[in-house]
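Please open the model in a viewer and keep the sequence panel visible. The stops below may be selected one after another.

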Amino acid sequence: MFRLQEVKYKDILYIKNLFIPKGKITAIVGESGSGKTTLLRLLNKLISPTCGKIFYNGKPLDEINSIELRRSVVMLPQTPPIFAGTVRDNLLIGLKFSEKPIVGDNKLLETLNMVHLNKPLTEDAEKLSGGEKQRLALGRIILMDPEVFLLDEPSSALDEDTEKAVMENLVRYTKAKDKTLIMVTHSTKVSEVFSDIIIEIKKGTVAG
C-alpha cells in the first residue's frame, strides 16, 4: 500500500526502505521525538519529504492530488480539532468536508456506540472531556469511510478499560471492512495486543 524509498525529512527522519501493507493494523512505536508523527504526516501529504519517494498503491504520492488523497487517507492528530456546535455537528462535518453523503441519526448513534461515547447528539461538543473529544473525533473519521486510517496516539486520553473497548471495536471494524490502520502509539499494550505489524522508529530511522 505505502512504500517509502530513501525518504528523508530535514534532519528528523531518514527511511531507506519501508513497506506498509494493505488491510493490516500497523503500529509505529518509539521514543518521544523519534519521528513517528512526522512519518504519519508524510503519508498524508501534510508535509513533503526533503528527498526520496513515497508511493501509495503504486503511484508516487507527489502525483496524487492532496485533497483526493485525504479523502482516502484520513489522519487523526493526537489533539484533534473539535468544532463549535453539537456532537451531531462534529460527526457530520467530516462528511461535509469530504463531500460525502450525509447520514441519519441512527448511523451517528451507531458510530458513537462503536467509540463508547454515550452522549446525546444535541450535546455541546466543546463541553466534552479530553477523552470524550478524542472519541468524538475518532467517530467523525470512521463515518468518512476512508481506505486508510492514520491515527496519532488514538487512545492517549482514555482510561485502560475504555481504551480496550474502543480499540477492540476499531480493529474489528477495520478488519471487517478490509481497511488499513496505521497508528502511532506510546502504549506497549496497544501495539502488542492490537497490531499485526510493529515498526519501531529510533532516532529518525527504522530500527532493526
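Select Lys-119 to begin: its relative accessible area is 23%, so the residue is partly exposed. Here buried stands for a relative accessible area under 20%, exposed for over 50%, and partly exposed for what lies in between, with a 1.4 Å probe and protein chains only. The partner of Lys-119 is Glu-132, and the closest N and O atoms of this salt bridge are 3.5 Å apart. Because Glu-132 belongs to helix α5 and Lys-119 to the loop between α4 and α5, the pair ties together parts that are 13 residues apart in sequence. Glu-132 has a relative accessible area of 16% and is therefore buried. A salt bridge is counted when a side-chain nitrogen of Lys or Arg is within 4 Å of a carboxyl oxygen of Asp or Glu. Helices and strands are DSSP runs numbered from the N terminus, helices being H or I with at least four residues and strands being E with at least two.

The model is a predicted one, in which local features need pLDDT of at least 70 and side-chain atom pairs count only at pLDDT 80 or more, while totals for chains, interfaces and linings use all residues. Residues are numbered from 1 along each chain as its sequence is written, and side-chain values use heavy atoms, leaving out hydrogens and water.

**Further salt bridges**

How many salt bridges does the count come to? The rule given above yields 13 salt bridges. Next select Lys-107 and Glu-110, whose salt bridge has its closest N and O atoms 3.5 Å apart. Both residues lie in helix α4 (residues 105-114), three residues apart, about one turn of the helix. An α-helix has 3.6 residues a turn, so residues three or four places apart point the same way. Lys-107 is partly exposed at 37% relative accessible area, and Glu-110 is partly exposed at 47%.

Then move to Lys-53 and Asp-62, whose side chains form a salt bridge with an N to O distance of 3.0 Å. Lys-53 is partly exposed at 33% relative accessibility, whereas Asp-62 is exposed with a relative accessible area of 53%. Add Glu-68, Arg-71 and Glu-99 to the selection to display a network of salt bridges that links them.

**Helix α5 and its two partners**

Show α4 together with α5: the two helices pack at an angle of about 125°, their axes 9 Å apart. Axes are lines fitted to C-alpha atoms, for helices over the stretch in contact, and angles run from 0 to 180 degrees between N-to-C directions. The two helices are therefore oblique to each other; angles under 35 degrees count as roughly parallel, over 145 as roughly antiparallel, 65 to 115 as roughly perpendicular and the rest as oblique. On the α4 side, select Lys-107, Leu-108, Thr-111, Leu-112 and Met-114, which meet Leu-136, Gly-139, Ile-142 and Leu-143 of α5. Contact means heavy atoms within 4.5 Å.

Now replace α4 with α3 (residues 87-97), whose axis comes within 7 Å of that of α5 (residues 130-143) and crosses at roughly 40°. This pair, α3 and α5, is therefore oblique as well. Val-87, Asn-90, Leu-91, Ile-93, Gly-94 and Leu-95 of α3 meet Leu-136, Gly-139, Arg-140 and Leu-143 of α5.

**Helix α1 and strand β3**

Which residues of α1 are buried? They are Lys-36, Thr-38, Leu-39, Leu-40, Leu-42 and Leu-43. Six of the eight residues of α1 (residues 36-43) are buried, so the helix is largely enclosed by the rest of the structure. After α1 comes Lys-45, with a positive phi near 60°.

Turn to Ile-28 in strand β3 (residues 25-29). Ile-28 is buried, at 0% relative accessibility. Residues up to four places away in sequence aside, its contacts include Lys-36, Leu-39 and Leu-40, along with Ile-182, Met-183 and Val-184. The C-alpha atoms of Ile-28 and Glu-200 are separated by 5.8 Å, although the two residues are 172 apart along the chain.

**Last stop**

Finish at Asp-159, in the loop between β7 (148-152) and α6 (160-176). Asp-159 is partly exposed at 46% relative accessibility. Measure from its C-alpha to that of Val-148: the residues are eleven apart in sequence and 25 Å apart in space.
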